[in-house]
Amino acid sequence: MSTKTLFLSFMILLPLAAAAQESAPTPVSSHNAADTATAARPETPAAKRLSIGGYGEAVMTRNFYSQSFNRYNAPQRYKDYASHGRFDLPHVTLYLGYDFGHGWSLGTEIEFEHGGNETAVEIEAEESGEYEAETEKGGEVALEQFWLNKAFGNGRFNIKAGEIVVPVGYSNAWHEPLNFFTCYRPEGEAAILPNTWHQLGLSFWGRVSDWRYELQLLSALNSESFTAEKFVHQGATSPYEYKVANCYAAALRIDNYTVKGLRIGASGYYGHTFRNSIKTPGATYDDVKGALAIASADFRLKRWNWIVRGSVVYAHLSDADRISEYNKANSTHHKYQDGNPFHNTNIASNALAYSLEAGYDVFSQIRRLRDRQQLFLFARFDHYDSMAAGTYRNQYRYCAPYITTAGFNYHPIKQIVIKGEYAYRTFKKPNNNGLNSDSPLYVQPYNNEPSVSLSIAWQGWFM
């Protein structure tokens, strides 16, 4: 689909019959933040049409395993290494919104990740421990949302244009800290998909009865940024001052709220990824498309003092071996081209992630506390595999961990949560067919990775 077609489609749809914007009963989530805005008359004071909010997290973690980049290449060497600790500000975000009236509204989200500006020095395990200055996105501040929305038919139909959240998978649609129990965002989806996934595009969304829908037209991901360890996680970012849009993609999400306290959702994505770059691959790669298809389902049950959430994501990338060949031929660092922000690793043809968590509010059984505070005790299980299928799968066995987590979420007030957890990451044991560790054919099992974390987070609206 050409840029001209997208622009004409938008201009044709805008003049439809105007109506007030919907005031939705669903929980606040930044992918559908416009749902929560109420229609304002032009004479309403400006201060009452302005919305300010956000969320933030501070985390302290102690990891009881080696932090060496080489711990998966020589696990026996790092078996008895001392623990290490980390302090982090994963996300500090500010929402700004404005209701212009007549169904028009503006939404923005400015995010500071890890207290910085999205540049860092990292040690690349896939490149023999080489130090690299990583640029995850051009610019100094992550502007994750900046859109204008026009509502029609009491919110049953909306058009949103600008930088928008792509709500594929649970963790993208509901990524704020009150929407998951763990101190950090759930590991599985965040490992294999962009998170929080946001791109420039058009969104057609609304709510009809118990159904919420959203269809998005976007620029596609860039396969030069795909990696073995993170699959397509970095594919939505651009190191340039603009986003290359040679290829286009579509995303769809549908949620149902028919059953009291239960939301069931399904989402998907499709687009070509290979030529979405300023480079020209050449005639050798004329037949390569890099078609990426993602399917996901998730649910949340909030009833009877329980919160239960679950999700599953499966993704397929065509031409994975050819793309791996091309990316490795364009090495990240060599004497003629230093500072290339893209990657030169093998890529999977399939990736998956699934999770389930459940928590019970024990304060609901204490009369003097049940209406004032909440204390959820929870357990969670995650598994993901960024190399679920592909030619190079056996080289990346460590890319498929199993994570079991248990902990608490204490809410002294509705907008604030104090979290604590114990997490235990394990890996599938290799089948050595009776060989002992003295054999040159023996495959060393990976070391287990336990950790303890404590965090405090907030989420809400100031006005």
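## A tour of the cavities, one helix and two cysteines

Begin by selecting N222, T237, S238, P239, Y240, K243, V244, N276 and F342, which together line the second largest cavity of this structure, in what is a predicted model. The volume of this second largest cavity is about 60 Å³, and the residues of its lining divide into 4 nonpolar, 4 polar and 1 charged.

Before moving on, colour the whole chain by secondary structure, where the protein shows 5 helices and 19 strands. Of its 463 residues, 51% count as buried. If you display contacts with a separation of 6 or more, residues 24 or more positions apart account for 68% of them.

Next, go to the largest cavity, one of the 3 cavities of 30 Å³ or more that are counted here. Its volume is about 100 Å³, and of the 16 residues that line the largest cavity, the ones to select are Y170, P186, S311, S355 and R380, since these lie closest to its centre. Which elements each supply at least two residues of this lining? Show α3 (170-173), α4 (187-192), β14, β15 (350-361) and β16 (374-389), and you will have them on screen. Among these elements, β15 gives the most to the lining of the largest cavity, with 4 residues. Colouring by residue class, you should find that the lining of the largest cavity divides into 5 nonpolar, 6 polar and 5 charged residues.

Now select helix α5, which runs over residues 320-329, and pick out A320, I323, S324, Y326 and N327, the residues that are buried there. Turn the view so that you look down the axis of α5: the buried residues fall within an arc of 165°, so they line one face of the helix. The spacing along the chain fits a general rule, since an α-helix has 3.6 residues a turn, so residues three or four places apart point the same way. To see what covers the buried residues of α5, add strand β14 (306-317), which is included in that cover. The strand β14 is also one of the elements that supply at least two residues to the lining of the largest cavity.

Finish with two cysteines, selecting C183 and then C399. Are these side chains in buried or exposed residues? C183 is buried, with a relative accessible area of 2%, and C399 is likewise buried, with a relative accessible area of 3%. A disulfide is a covalent bond between the sulfur atoms of two cysteines, and the structure holds 0 disulfides.

Key. Residues are numbered from 1 along each chain as its sequence is written. This is a predicted model: local features need pLDDT of at least 70, side-chain atom pairs count only at pLDDT 80 or more; totals for chains, interfaces and linings use all residues. Side-chain values use heavy atoms; hydrogens and water are left out. Buried means under 20% relative accessible area, exposed over 50%, partly exposed in between (1.4 Å probe, protein chains only). The arc is that of the directions from the helix axis to the C-beta atoms. Contact means heavy atoms within 4.5 Å. A disulfide is a pair of cysteine sulfur atoms within 2.5 Å. On a 1 Å grid over the protein atoms alone, a cavity is a set of points where a 1.4 Å probe fits but cannot get out, and a pocket is an open set with protein on both sides within 12 Å along at least five of seven lines; lining residues have an atom within 4 Å of a point. Grid points are joined across faces, edges and corners, and a volume is the space filled by probe spheres set on the points. Ala, Val, Leu, Ile, Met, Phe, Trp, Tyr, Cys and Pro count as nonpolar, Asp, Glu, Lys and Arg as charged, and the others, Gly among them, as polar.
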